[in-house]
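User: Could you take a close look at a single part of this protein for me? I would like to see how one helix sits among its neighbours, and then how that fits into the rest of the chain.

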Amino acid sequence: MRETDNRALGESPAPAPAAGVEEAPGAGVEELAQAADQLFYAMRRSRAATAGQAADGLSLAQLALLDLLAGAGEGAGLPVSRLAASAEVSVPTATRMLKQLEAKEVVTRRRSPEDERQVLVRLTEHGARQLAAMRTELRERQTRALSRFTPEERFQLAAQLRRLTGAITGRDG
């Protein structure tokens, strides 16, 4: 990122290693970890602000479930157990969140005709509209923030973030 952009964002630029000086293997790790933490929390606050502006005041965890349902399309619905696993929450937690979403008419829940033990969940038209509006607002926030970078910087940053994500998740490459 350009030094002037760092100052505009209220941050000081990270110190660069001296030219010709060999770096220790752990050099800069703490600074990078702190920057990654700051990015994570800033993104979380931005998403929470977007979610909080919704008429129904959806939580970030609820949004994760809605994103999964939106990706499922118009089928019979997704089982609660699959939603819970994909959202990385317990089945009882997912059930509680889905009951809240059902009360807000964002999702529908019904028993599977093939297996009465299984509850299938679908996104309603109202829920799809609400999710689309929230995605639009979030993308607008991201566009405003990321427009401070040049196109080249954005491509470089995207590549480095993918690399960092792979390193954190153990899925390098």
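Analyst: Happy to help; what follows is a walk around one helix, and then outward to the rest of the protein. Please keep in mind that this is a predicted model.

Let's start with the overall layout. The protein has seven helices and three strands, and along the sequence they come in the order α-α-α-β-α-α-β-β-α-α. The helix to look at is α5, which covers residues 91-103. Its 13 residues reach 18 Å from the first C-alpha to the last, close to the 18 Å expected at 1.5 Å a residue.

Which residues of α5 are buried? They are Ala94, Met97, Leu98 and Leu101. Seen down the axis of α5, the buried residues fall within an arc of 100°, so they line one face of the helix. On the other side of α5, Pro92 and Ala103 are exposed. If you colour the helix by accessibility, these are the residues to pick out on each side: Met97 and Leu98 among the buried ones, Pro92 and Ala103 among the exposed ones.

What covers that buried face? The cover includes two helices, α3 (60-72) and α4 (80-87), and two strands, β2 (107-111) and β3 (119-123). Just past the helix, α5 is followed by Glu105, which has a positive phi, near 60°.

The end of α5 also brings us to a charged pair. The side chain of Glu102 forms a salt bridge with that of Arg109, at 2.9 Å from N to O. Glu102 lies within the range of α5 (residues 91-103), and Arg109 within that of β2 (107-111). Buried or exposed? Neither partner is at an extreme: Glu102 is partly exposed at 30% relative accessibility, and Arg109 is partly exposed at 26%.

This pair is one of four salt bridges found in the whole structure. Another joins the side chains of Asp115 and Arg117, at 3.0 Å from N to O. Here the two partners fall into separate classes: Asp115 is partly exposed at 23% relative accessibility, whereas Arg117 is exposed, with a relative accessible area of 73%. A further one links Arg141 and Glu137 at 3.2 Å, again from N to O. Those two residues are four apart in helix α6, so about one helical turn separates them. Arg141 is partly exposed at 21% relative accessibility, and Glu137 is also partly exposed, at 21%.

Helix α6 (residues 125-146) also holds Leu146, which leads to a surface feature. Leu146 joins Leu39, Met43, Leu157 and Leu161 in a nonpolar patch on the surface, with about 380 Å² of accessible area together. The elements that give two or more residues to this patch are α2 (29-52) and α7 (151-169). Leu146 itself is partly exposed, with a relative accessible area of 41%.

Finally, some context for the whole protein. Buried residues make up 21% of its 173 residues. The protein exposes about 12100 Å², and carbon and sulfur atoms supply 54% of that area. Among contacts between residues at least 6 apart in sequence, 51% join residues at least 24 apart.

To return to the part you asked about: α5 has a buried face that includes Ala94 and Leu101, with helices and strands among its cover, and a salt bridge runs from Glu102 to Arg109.

Technical notes
Residues numbered from 1 in each chain as written. Predicted model: local features only at pLDDT ≥ 70, side-chain atom pairs only at ≥ 80, totals over all residues. Heavy atoms only, no water. Expected span 1.5 Å × (residues − 1). Buried < 20%, exposed > 50% of the residue type's maximum accessible area, 1.4 Å probe, protein only. Arc of directions from axis to C-beta. Contact = heavy atoms within 4.5 Å. Areas by Shrake-Rupley, 256 points an atom, 1.4 Å probe, with all protein chains shown as cover. Patch = residues over 30% accessible without salt bridge, like charges linked within 9 Å, V, L, I, M, F, W, Y side chains within 5 Å.
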